[in-house]
Amino acid sequence: MGKLANIMNYHQYYPVDVVNGPGTRCTLFVAGCSHQCRGCYNQSTWRANSGRPFTQAVEDQIIADLKDLRIKRQGISLSGGDPLHPSNTPDILKLIKRIKRECPDKDIWLWTGYLLHELSALQQEIVSHINVLVDGKFEQASYDPALIWRGSSNQVIHYLR
């Protein structure tokens with residue numbers, strides 16, 4: 001029963017997306033980000049209690065969309081906010097484990113303001129199940145519109161598996 005108080009929130013879910021990662025994907029923008037980078041394009045997602053609750057029905061819809069053969073999706077992109085924000089990590093871990101179990105052919109990309117080498121144990125566990133991590137805070141002084149899948153040149157794309 002206490003789990004309801006800790007439900008992750010999300011701002012947007014796109015069942016078909018061709019911008020946030022390679023190929024056609026599902027993309028989930030979660031709520032909650034403590035980095036609050038100057039120049040962030042998604043400031044509305046900073047508050048963890050903003051947006052809508054990420055319910056079992058939303059999770060089930062993501063799995064159904066990933067399995068839908070009418071649109072061949074390469075995988076899912078998790079962004080925000082920050083999927084590795086402490087208020088999100090339990091639900092993100094549950095979601096990615098389910099994706100790996102039920103949709104093993106789909107890749108998982110995740111964007112975070114945290115750096116790979118500074119992740120907590122739970123954040124590291126999440127990263128151990130994903131394919132690509134884009135890490136680092138957005139830095140307005142390093143902004144480069146020519147970059148693919150990241151906003152500033154300090155951010156690193158880690159291909160994990």
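These are my notebook entries on two helices, the largest pocket and several single residues in a predicted model.

**Entry 1, helix α1.** I began with α1, which runs over residues 56–67 and has 12 residues. From its first C-alpha to its last I read 17 Å, close to the 16 Å expected at 1.5 Å a residue. I then looked up which of its residues are buried, and the list is V58, E59, I62, I63, D65 and L66. Seen down the axis of α1, these buried residues fall within an arc of 160°, so they line one face of the helix. As a reminder to myself, an α-helix has 3.6 residues a turn, so residues three or four places apart point the same way. For the packing partners of the buried residues of α1, I noted the strands β1 (9–17), β2 (25–30), β3 (52–53) and β4 (75–80), together with helix α2 (89–102).

**Entry 2, helix α2.** I made the matching check on α2, whose 14 residues should span 20 Å at 1.5 Å a residue, and its end C-alpha atoms are indeed 20 Å apart, which agrees. The buried residues of α2 are T89, D91, I92, L93, L95, I96, R98 and I99. What covers them includes β2, α1 and β4, and also β5 (107–111) and α3 (121–127).

**Entry 3, Q123 in α3.** I followed α3 to Q123, which has its place in that helix. With a relative accessibility of 6%, Q123 counts as buried, because the cut-off for that word is under 20%. Leaving aside neighbours within four places in sequence, I found Q123 in contact with L84, T89 and Y114; T89 is also one of the buried residues of α2. For L84 I looked up the separation as well: Q123 and L84 are 39 residues apart along the chain, while their C-alpha atoms are separated by 6.1 Å.

**Entry 4, R73 and V16.** I next asked where R73 sits, and found it in the loop between α1 and β4. Is R73 buried or exposed? R73 counts as buried, at 3% relative accessibility. Beyond its neighbours within four places in sequence, R73 is in contact with P15, V16, T24, R25, C26, D65, L66, D68 and K106, and of these D65 and L66 are among the buried residues of α1. As a further distance I took R73 to Q12, which are 61 residues apart along the chain and have C-alpha atoms separated by 18 Å.

From the R73 contacts I picked V16, which lies in strand β1. V16 is partly exposed, with a relative accessible area of 43%. Not counting residues up to four places away in sequence, V16 touches T24, R25, I71 and R73. I also looked up V16 against L116, which is 100 residues away along the chain, and their C-alpha atoms are separated by 28 Å.

**Entry 5, G81.** I turned to the loop between β4 and α2, where G81 lies. G81 is buried, with a relative accessible area of 19%, and I note that the cut-off is under 20%. Its contacts, leaving aside neighbours within four places in sequence, are V30, G32, C33 and T45. G81 and A31 are 50 residues apart in sequence, and I found them 4.9 Å apart in space, C-alpha to C-alpha.

**Entry 6, the largest pocket.** About 710 Å³ of space lies in the largest pocket. Which residues are closest to the centre of that pocket? Of the 31 residues that line it, they are Y41, S79, W111, G151 and Q155. The elements that give two or more residues to the lining are β2 and β4. By class, I recorded 14 nonpolar, 14 polar and three charged residues in the lining.

**Entry 7, W149.** My last look-up was W149, which has its place in the loop between β6 (132–135) and β7 (156–159). I noted this residue for its backbone, since W149 has a positive phi of about 65° although it is not a glycine. At 27% relative accessibility, W149 counts as partly exposed.

How values were computed. Residues are numbered from 1 along each chain as its sequence is written. This is a predicted model: local features need pLDDT of at least 70, side-chain atom pairs count only at pLDDT 80 or more; totals for chains, interfaces and linings use all residues. Side-chain values use heavy atoms; hydrogens and water are left out. The expected span of a helix is 1.5 Å times one less than its number of residues. Buried means under 20% relative accessible area, exposed over 50%, partly exposed in between (1.4 Å probe, protein chains only). The arc is that of the directions from the helix axis to the C-beta atoms. Contact means heavy atoms within 4.5 Å. On a 1 Å grid over the protein atoms alone, a cavity is a set of points where a 1.4 Å probe fits but cannot get out, and a pocket is an open set with protein on both sides within 12 Å along at least five of seven lines; lining residues have an atom within 4 Å of a point. Grid points are joined across faces, edges and corners, and a volume is the space filled by probe spheres set on the points. Ala, Val, Leu, Ile, Met, Phe, Trp, Tyr, Cys and Pro count as nonpolar, Asp, Glu, Lys and Arg as charged, and the others, Gly among them, as polar.
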